[in-house]
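Reader: I'd like to go through this one feature by feature. Could you give me the general idea each time, then the case at hand?

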Amino acid sequence: MSAFPSSPSMVLRQTKYQLQYFTRVPVALFFTIILPLVMLVLFNALFGDNTIETNEGDWPVRQFYTGGLAAYTAVSATFSNLANMVPIRRDEGVLKRWRSTPLPTWIYIAGFICSAVVIAFAGTSAMLAVGVVLYDLSIEWAKMPAAAVTFLVGVGAFAALGMALASIIKTASSASAAANAIILPLAFISDVFVPADGDSALTAIANVFPLKPFVNAFQACFNPFVEAPALNWGALAFVAGWGVFGLGVAIKKFTWEPSGAGPRGRRGARAAATAQG
Amino acid sequence: MPAIDVCDLHKHYGDNLAVDGVSFNVAEGEVYALLGHNGAGKSTAVEILEGHRTRSSGSVSVLGFDPAKAQREFRDRIGVVLQTSGVENEFTVREVIDLYASAYRRRRTLDEVIELAGLEEKVDARVGSLSGGQRRRVDLALSIIGRPDVLFLDEPTTGFDPAARRKSWDLIEALGDDGVTVLLTTHYLDEAEHLADRVGMLASGKMIAEGTPAQLIEKISGTVVSFMLPHSIETADAISTFGPVLGGDVRLSGRLVETTVDRATEVGHRVTGWAIDNGLELESLRVARASLEDVFLQLTEQTRKAL
């Protein structure tokens with residue numbers, strides 16, 4: 001009997017399928033890619049001429065926004081996207097169907113995650129391109145390896161956290177609400193929408209979560225006052241630690257069954273047993 | 001070795017015994033139907049065999065695999081139509097067949113699958129635009145892509161119109177003729193009678209009868225005598241009136257009086273004699289061999305009383 005297709009080719013096939021799926025769901029495309037771009041244009045129109053004081057000099061807020069929102073796009077393409085889409089497919093019973101096929105489950109999940117990384121890369125690149133063209137974003141090639149490493153650690157960790165949230169929360173409607181309830185308030189205190197005051201209590205809270213370290217590490221790669229190579233290993237290790245925690249939760253709690261199926265079957269059986277008893 | 005072998009299977013959810021000591025086996029190439037009401041334990045049993053649920057106790061073997069442990073090699077050789085499961089709505093029928101086919105080793109071609117499932121006119125339609133019956137045919141199509149040796153069909157035709165059901169039956173029969181072992185669940189008795197080589201009847205998680213449709217009908221009881229209740233008799237009085245005349249368990253559904261008897265000649269004679277004496281005409285009087293449905297009703301009635 002012929003062998004199964006090779007794992008890399010199957011991961012590639014699954015990634016392509018998830019990307020195709022993503023492009024056919026306009027609402028996902030809008031919230032993940034278009035909305036952060038709209039925010040970039042809007043914030044710069046409102047506050048673009050301000051500067052942020054640093055020890056070395058005045059940092060134009062336009063560069064702050066581009067770096068911050070580019071990082072935010074990477075988070076929205078991984079964390080929010082997976083926390084939304086995975087429970088929807090589970091509710092629809094698509095996950096259970098795939099579970100009936102010989103496709104190894106890790107390949108299905110890898111396809112989900114790889115597609116999220118590709119979307120994050122596209123969204124972040126688009127953001128940086130707009131930054132370069134419209135908002136004098138400084139690209140120093142010596143710092144680009146740091147930007148790439150920071151990006152990869154960030155998307156890995158936030159993809160794992162997205163899968164963790166999708167595993168804990170059972171229905172699609174509550175998962176999407178929970179994802180937004182977590183990420184939006186956090187973004188406000190994590191230097192994404194507004195520069196936060198360095199010493200405030202809110203900053204102390206933000207520093208407990210992985211968003212601010214990731215956003216700051218990514219912004220640093222595009223901050224003219226930060227010397228190359230601009231790698232913040234401490235922040236990356238912290239973000240990666242959250243990622244490992246997310247992965248652990250996802251592996252432990254992930255379910256393929258639609259949330260209604262188990263209880264419905266049991267209730268049905270119990271009702272029938274009572275009726276006959 | 002049978003394709004499917006189930007021995008003393010139990011599945012408990014707390015105090016609820018969803019499957020309570022079920023044993024049966026299905027020979028290679030056989031079409032076996034599990035019959036029962038909603039909640040009788042059919043789907044739970046089938047999902048254990050598919051590897052979707054774990055069992056509380058008992059032994060299970062499908063194609064020599066233990067479904068609870070078996071992974072890729074096992075899933076490559078089975079086909080599954082779940083009772084409810086989604087397909088990617090934003091994709092066309094062609095795309096989903098192509099996509100799911102990529103998971104299997106022994107693939108059918110797109111044209112073969114489309115023709116078998118009768119989806120020729122919908123190949124390029126998005127799954128989300130299909131009717132319920134057409135989606136169910138997509139389910140069937142996806143279950144046979146990998147040339148399964150064993151096919152599990154959990155209520156494959158529920159919600160179909162009669163024409164669509166006939167069409168699905170033709171497909172299932174064709175697969176059965178092709179040597180595929182089929183385990184199907186249904187609550188349509190005509191479906192089981194039409195398709196299955198053997199039938200197992202489940203009630204409250206227990207197997208209450210098993211055999212070929214003919215054996216079950218033969219074994220359980222003889223003949224059904226039925227007629228419409230004369231208008232001069234109130235429905236409330238029907239059972240007290242006809243109980244003694246028919247001499248057995250009388251069932252009333254609407255105005256139809258029914259009883260299942262062993263000695264049809266004698267009972268027929270008594271009831272017609274009674275009608276003539278009372279100057280009544282018994283409309284739609286019928287004496288007929290019991291169907292699988294009568295067997296099922298009678299058995300589930302007995303189980304209910306026994307509990």
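**Reading the model, feature by feature**

Author: Let's start with a loop residue: Ser284(B) is exposed, with 10 other C-beta atoms within 10 Å. Keep in mind that this is a predicted model.

Reader: Where does Ser284(B) lie?

Author: Ser284(B) sits in the loop between helix 10 (264-277) and strand 13 (286-289) of chain B. Now for the backbone. Most residues other than glycine have a negative phi. Ser284(B) goes the other way, with a positive phi of about 55 degrees although it is not a glycine.

Reader: Which loop holds Arg147(B), and what is its phi?

Author: Arg147(B) belongs to the loop between helix 5 and strand 6 of chain B. Its phi is near 45 degrees, again a positive value in a residue other than glycine. On burial, the count for Arg147(B) is 16 other C-beta atoms within 10 Å, so it is partly exposed; the exposed class stops at 12 or fewer.

Reader: Back to helix 10 of chain B: how exposed or buried is Thr272(B)?

Author: Thr272(B), which lies in that helix, has 13 C-beta neighbours inside 10 Å and therefore counts as partly exposed. Thr272(B) and Leu282(B) are ten residues apart in sequence, and their C-alpha atoms are 8.0 Å apart in space.

Reader: Let's do a sheet. What is the strand order of the open sheet of six strands in chain B?

Author: The order is 5-6-7-3-8-9, and the pairing is mixed. Strand 5 (78-81) and strand 9 (206-211) of chain B are the edges: each has a single partner strand, so one side of each is left without a neighbour in the sheet. On average, neighbouring strands of this sheet are turned by 15 degrees against each other, direction ignored.

Reader: How many bridges join strand 8 to strand 9 of chain B?

Author: Five, between strand 8 (residues 198-203) and strand 9 of chain B, and the two run antiparallel. For a landmark, find Leu202(B), which stands opposite Met207(B) in strand 9 of chain B.

Reader: Which strands does helix 5 of chain B lie across?

Author: Helix 5 (residues 132-144) of chain B lies across strand 5 and strand 6 (150-154) of chain B, and runs at about 165 degrees to strand 5 of chain B.

Reader: What about helices themselves? What span should helix 3 of chain A have?

Author: A bit of background: an α-helix has 3.6 residues a turn, so residues three or four places apart point the same way. For length, use 1.5 Å a residue: the 32 residues of helix 3 (residues 61-92) of chain A should span 46 Å, and the end C-alpha atoms are 44 Å apart, which agrees. Helix 3 of chain A does bend, by about 40 degrees at Asn81(A). It is mostly covered, with 29 of its 32 residues buried. After helix 3 of chain A comes Gly93(A), with a positive phi near 90 degrees.

Reader: Zooming out, how many helices and strands does chain B have?

Author: Chain B has eleven helices and 13 strands. Its C-alpha atoms fill a box of roughly 75 × 45 × 35 Å along the principal axes. Of the 307 residues in chain B, 39% are buried.

Reader: And what does the domain assignment of chain B give?

Author: The assignment gives domain 1 (4-211) and domain 2 (222-289). The C-alpha centres of these two domains of chain B lie 41 Å apart.

Notes:
Residues are numbered from 1 along each chain as its sequence is written. Chains are lettered from A and ligands numbered from 1 in the order in which they are written. This is a predicted model: local features need pLDDT of at least 70, side-chain atom pairs count only at pLDDT 80 or more; totals for chains, interfaces and linings use all residues. Domain bounds come from an automatic or database domain assignment. Two strands pair if DSSP finds at least two bridges between them. Helices (H or I, at least four residues) and strands (E, at least two) are DSSP runs, numbered from the N terminus. Axes are lines fitted to C-alpha atoms, for helices over the stretch in contact, and angles run from 0 to 180 degrees between N-to-C directions. Two residues are in contact if their C-beta atoms, placed from the backbone, lie within 7 Å. The expected span of a helix is 1.5 Å times one less than its number of residues. The bend at a residue is the angle between axes fitted to the seven residues ending there and the seven starting there. A residue is buried if 20 or more other C-beta atoms lie within 10 Å of its own, exposed if 12 or fewer, and partly exposed in between; C-beta atoms are placed from the backbone.
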